[in-house]
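User: Could you take a close look at one strand in the middle of this and walk me through how its surroundings are put together? An informal rundown is fine.

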Amino acid sequence: MPLALVTELEVTMPINDDDLIKMYRWMALTRVFDQKVCDLQAQKGIPELQHASIGQEAVGVGACYALRRDDLVLPSLRTRAAFLVKGISPERAMAAMFGKANGAGRGKETSHHMGDPELGVVAGTGVVGGQIPVGVGIALGCKMQKSDRVSMTFFGDGATNRGDFHEGLNLAAVLNVPAIFVCENNQYAMSTPMSHHMLIPRVSDRAASFGMPGVTVDGNDVVAVYEAAQQAIARARAGEGPTLLECVTYRWRGHSERDLMPRYRSEAEVEQWKKMCPIKRLRDRMVSGGAVAAELLDEIDREVEAVVDGAIEFSERSPYPAPEEALNNAYATEVRSHR
Ligand SMILES: Cc1ncc(C[n+]2csc(CCOP(=O)(O)OP(=O)(O)O)c2C)c(N)n1
Ligand SMILES: [Mg+2]
C-alpha cells in the first residue's frame, strides 16, 4: 500500500473506512519508527537522544490527518507522527536521527527540531513551549495574507505552565488568528506529575481565561482527536479564531531514553495505560465492526516494519555533511519586509 500523504487526502465527514485504514497505518509507522530508534540508541548510540512518542501516536496522527498540505505544523519534542503525516519521508526522518547530510535536519539537528518549509513543517528549538508564540505569528501571517491556511502547534502539559503558552494564547485570541493549539497531555513533565505542576484538572479549562474554546478529548482515540481537530480547523478557516484542544494520553517510555527506570510512577500505572493502546483500540474497532479484515492490518504491520528497516539501511549508507556545510542554512540570507 503506498504512503498516504496529507496532500492525497480527501477528508470526509463522517470518517470512512479508508481514512481509518490510513490512520492505522500512520500510527503503526510512527510506533515502529520510534521503537526502532529506541533499539538503535541502546545498541549503537546514534546521535539522537530519543524522546519516544510510543503510546501517544493517536494525537499527532488524528490532528495532522485533518490538516491540508498547505497548512503549517509546529510539532513538540514528542510529536513524531506530525513529521511523518505531514510528509517528511521515513528515510529523511531516520537519516536525521543519524545526523546524516540527507536527513531532514541536513545533519544539523535530530528528531524534534527538524523542519521542512516546503511541507509546512516549522523547525523548532529546545525551549519547551517556545513554538507556541511562533505558531501564533504564523497564524497571524496566514490571516494578513488573506489565505485560509491555519497553524497547528503541539506542546505538552508541562509547557502550559510557561509564559509562552499564556502570552501566545492570549494574543492569538485577541488577534483572532487561525491557530489550533494541541496539548499532548501525557500527564507528566519529565518526572513531575500533572497534579504537582497545576491545580486544575484540565488543561482545556485554561482556554476560558483567554476567551477561546477549550476542548478535552480522549487522546488515545484517534477518531475523537481527528474529529475535534477538524472542528477547530473549520472554525479557524472560517475566521472564528483559535481553539485549545487537549488530548489526554500517556507516554509508555521514560521522558527520554536516558530515563530508563522511572521511579516517579508505578509499573501498574504504565501497564494500565498500555491496555488502552491507541493502535490496538483502532484495530479492534475496525475488525470487530467487520469493516476491515485483521489480515489487512497484519499486512500493514509487516509493511511498515519493512519501510522502517529500509529507512535505517538508507541512513547507515548516507554520508555525514561536509564540514564546510556547517553554517549553510543556519542563518537567514534574505530579510523581507511585509510592506
Ligand atoms: C524552558 C525549558 N525548560 C526546561 C526544559 C527541559 N525540559 C525538556 S522537556 C521538559 C518537560 C516537558 O514536559 P511536557 O511539556 O509535559 O512535554 P512532554 O515531554 O511530556 O511531552 C523539560 C522540563 C526545556 N527544554 N526548556
Ligand atoms: Mg507531558
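Analyst: Let's go with strand 3, residues 179-185, where seven of the seven residues are buried. Keep in mind that this is a predicted model. The cover is on both faces of strand 3: A179, F181, C183 and N185 are buried on one side, and I180, V182 and E184 are buried on the other. That split follows a familiar pattern, since side chains in a regular strand alternate between the two faces of the sheet.

Now for the neighbours. Strand 3 pairs with strand 2 (residues 151-156) in the parallel sense, over six bridges. One pairing to click on is F154, whose bridge partner in strand 3 is V182. To get from strand 2 to strand 3, the chain passes through helix 6 (residues 163-175), and this β-α-β crossover is right-handed.

Strand 3 also pairs with strand 7 (residues 243-248), again parallel and over six bridges. Here I180 stands opposite T243, and C183 stands opposite E246.

Strand 7 deserves a look of its own. Six of its six residues are buried, so strand 7 is largely enclosed by the rest of the structure. T243, L245 and C247 point one way and L244, E246 and V248 the other, with every one of them buried. So for a charged example, E246 is buried, and its partner across the bridge is C183.

Going one strand further, strand 6 (residues 214-218) runs parallel to strand 7 and is joined to it by five bridges. V215 has L245 of strand 7 as its bridge partner. Strand 6, helix 8 (residues 222-237) and strand 7 together make a β-α-β unit, which is right-handed.

Back on the strand 2 side, there's a ligand to consider. Ligand 1 has 17 residues around it, and V128, G156, G158, A159 and A189 come nearest. Strand 2 and strand 4 (188-189) are the elements that give two or more residues to this shell. By type, the shell has eight nonpolar, six polar and three charged residues.

Zooming out, the chain has eleven helices and seven strands in total. Of its 339 residues, 47% count as buried. Among contacts with a separation of 6 or more, 74% are between residues 24 or more positions apart. The C-alpha atoms fill a box of roughly 55 × 50 × 45 Å along the principal axes. The radius of gyration is 19 Å, which agrees with the value near 20 Å for a compact globule of 339 residues.

Terms used: Residues are numbered from 1 along each chain as its sequence is written. Chains are lettered from A and ligands numbered from 1 in the order in which they are written. This is a predicted model: local features need pLDDT of at least 70, side-chain atom pairs count only at pLDDT 80 or more; totals for chains, interfaces and linings use all residues. Helices (H or I, at least four residues) and strands (E, at least two) are DSSP runs, numbered from the N terminus. The radius of gyration is taken over C-alpha atoms; the globule rule is 2.2 Å times the number of residues to the power 0.38. A residue is buried if 20 or more other C-beta atoms lie within 10 Å of its own, exposed if 12 or fewer, and partly exposed in between; C-beta atoms are placed from the backbone. Two residues are in contact if their C-beta atoms, placed from the backbone, lie within 7 Å. Two strands pair if DSSP finds at least two bridges between them. A crossover is right-handed if, with the strands pointing away from the viewer, the path from the first strand over the helix to the second runs clockwise. A residue is near a molecule or strand if its C-beta atom, placed from the backbone, lies within 6 Å of it. Ala, Val, Leu, Ile, Met, Phe, Trp, Tyr, Cys and Pro count as nonpolar, Asp, Glu, Lys and Arg as charged, and the others, Gly among them, as polar.
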